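Welcome! Here are some exercises to work through with the structure open beside you. Try each task yourself before reading its solution.

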Amino acid sequence: MFTGIIERTHNLLNRVKSGNNIDFHLSSEINSELKVDQSISHNGVCLTITSLDEKGYWVTAVDETLQKTNLKNWQKGDLINIERSLQLGDRLDGHMVQGHVDTLAQCTSIEEIDGSWLFEFQYDSKDRNLLVPKGSITINGVSLTLIEAGEQSFSVTIIPYTYHHTNFATLQLGDQVNIEFDILGKYIQRMLASQLQ
């Protein structure tokens with residue numbers, strides 16, 4: 001379980017195809033705090049550390065994860081948002097995030113507004129019931145508040161701190177981002193659907 005508050009960013013050092021999977025090697029200045037089998041959110045995707053070395057650590061993404069997320073697009077040098085899992089007793093500064101990506105969205109607009117940034121994303125309209133203005137959403141692992149939630153697009157505002165301490169500063173028009181909808185909305189949608197059957 002995560003909160004969507006990004007701890008740091010790591011650079012992708014290498015990617016190695018292994019059958020249908022891809023092993024990713026990421027830089028880390030906190031190697032001494034990491035261990036094999038630890039779960040870490042990478043752009044909102046929960047991945048398990050498989051090994052450590054002097055430069056960083058390795059994680060593996062299976063084919064299903066690659067098909068449902070933007071990990072398949074990662075290239076050497078990319079900046080990845082990182083968050084270690086929530087510990088009992090930690091403050092919950094963001095919202096409850098599972099690290100299980102629901103879908104992808106495409107960046108369609110980036111506008112700087114007096115020091116902050118307004119980002120707009122296009123998504124599949126079948127998910128519109130999971131978006132609520134002023135509700136929570138996770139984009140590339142970052143807990144954010146929705147500004148607008150339309151039929152096929154939504155927008156969020158990024159404050160300077162978040163912009164400079166996540167990979168939002170590297171996003172470009174057309175880029176795909178990982179989306180995890182608020183778990184409460186998903187539970188409510190599931191309950192309503194079961195009542196209609």
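Before we start, a term for the strand exercises: two strands pair if DSSP finds at least two bridges between them. Keep in mind that the model is predicted.

**Exercise 1. Find the order of the strands in each closed barrel.**

Step 1. Begin with the barrel that contains E1. Its six strands run E1-E2-E5-E4-E3-E6, and the pairing is antiparallel. From one strand to the next, the twist averages 45°.

Step 2. Now turn to the barrel that contains E7. Six strands close it in the order E7-E8-E11-E10-E9-E12, with antiparallel pairing. Here the twist from one strand to the next averages 45°.

Step 3. Recall what holds such neighbours together: strands of a sheet pair through backbone hydrogen bonds, either parallel or antiparallel.

**Exercise 2. Which residue in E10 stands opposite Ser 136?**

Step 1. Look at the two strands involved. E9 and E10 pair in the antiparallel sense, over four bridges.

Step 2. Follow the pairing across from Ser 136, and you arrive at Thr 145 in E10.

**Exercise 3. Describe how strand E5 sits between its partners E2 and E4.**

Step 1. Take the E2 side. Strand E2 (residues 21–27) is antiparallel to E5, and six bridges link the pair. Across from His 25 stands Trp 58 of E5.

Step 2. Take the E4 side. Strand E4 (residues 45–52) and strand E5 (residues 56–61) are antiparallel and joined by three bridges. They form a hairpin, with three residues between the two strands.

Step 3. Match up the residues of that hairpin. Leu 52 has Tyr 57 in E5 as its bridge partner, while Ser 51 is partnered with Trp 58.

Step 4. Check how covered the strand is. Five of the six residues of E5 are buried, so E5 is mostly covered.

**Exercise 4. Which residues touch the most other members of the largest nonpolar core, and which strands supply this core?**

Step 1. The core has 23 residues, and those touching the most other members are Phe 119, Phe 121, Ile 137, Ile 139, Phe 154, Val 156 and Phe 168.

Step 2. At least two residues of this core come from each of the strands E7 (103–113), E8 (116–122), E9 (136–139), E10 (142–149), E11 (153–158) and E12 (176–181).

Step 3. Zoom in on one member. Setting aside neighbours within four places in sequence, the contacts of Ile 137 include Leu 131, Val 142, Leu 144, Phe 154, Val 156 and Ile 179.

Step 4. Look elsewhere too: a second, separate core has 19 residues, among them Phe 24, Val 45, Val 59 and Ile 80.

**Exercise 5. Where is Asn 167, and what does its side chain reach?**

Step 1. Locate the residue. Asn 167 is in the loop between helix H2 (160–165) and E12.

Step 2. Decide whether it is buried or exposed. Its relative accessible area is 4%, and the cut-off for buried is under 20%, so Asn 167 is buried.

Step 3. List its polar contacts. The side chain of Asn 167 makes one with the side chain of Asn 43, at 2.9 Å. A polar atom of the Asn 167 side chain also lies 3.0 Å from the backbone oxygen of Leu 79.

Step 4. Widen the view. Not counting residues up to four places away in sequence, Asn 167 touches Thr 9, Asn 43, Leu 79, Ile 80, Asn 81 and Asn 140.

**Exercise 6. Compare the settings of Asp 114 and Asn 140.**

Step 1. Start with the general rule: most residues other than glycine have a negative phi.

Step 2. Check the angles. Phi of Asp 114 is near 50°, a positive value, and phi of Asn 140 is near 50° too.

Step 3. Place them. Asp 114 belongs to the loop between E7 and E8, and Asn 140 to the loop between E9 and E10.

Step 4. Judge accessibility. Asp 114 has a relative accessible area of 82%, so it is exposed. Asn 140 has 2%, so it counts as buried.

**Exercise 7. How many disulfides does the structure hold, and how accessible are Cys 46 and Cys 107?**

Step 1. The number of disulfides is zero.

Step 2. Cys 46 counts as partly exposed because its relative accessibility is 30%. Cys 107, at 2%, counts as buried.

Note on methods: Residues are numbered from 1 along each chain as its sequence is written. This is a predicted model: local features need pLDDT of at least 70, side-chain atom pairs count only at pLDDT 80 or more; totals for chains, interfaces and linings use all residues. Side-chain values use heavy atoms; hydrogens and water are left out. A nonpolar core is a set of buried Ala, Val, Leu, Ile, Met, Phe, Trp, Tyr and Cys residues joined through side-chain atoms within 4.5 Å. Buried means under 20% relative accessible area, exposed over 50%, partly exposed in between (1.4 Å probe, protein chains only). Contact means heavy atoms within 4.5 Å. A disulfide is a pair of cysteine sulfur atoms within 2.5 Å. A polar contact is a pair of N or O atoms within 3.5 Å; within protein, one must be able to donate a hydrogen and the other to accept it, and residues adjacent in sequence count only if both atoms are side-chain atoms. Axes are lines fitted to C-alpha atoms, for helices over the stretch in contact, and angles run from 0 to 180 degrees between N-to-C directions.
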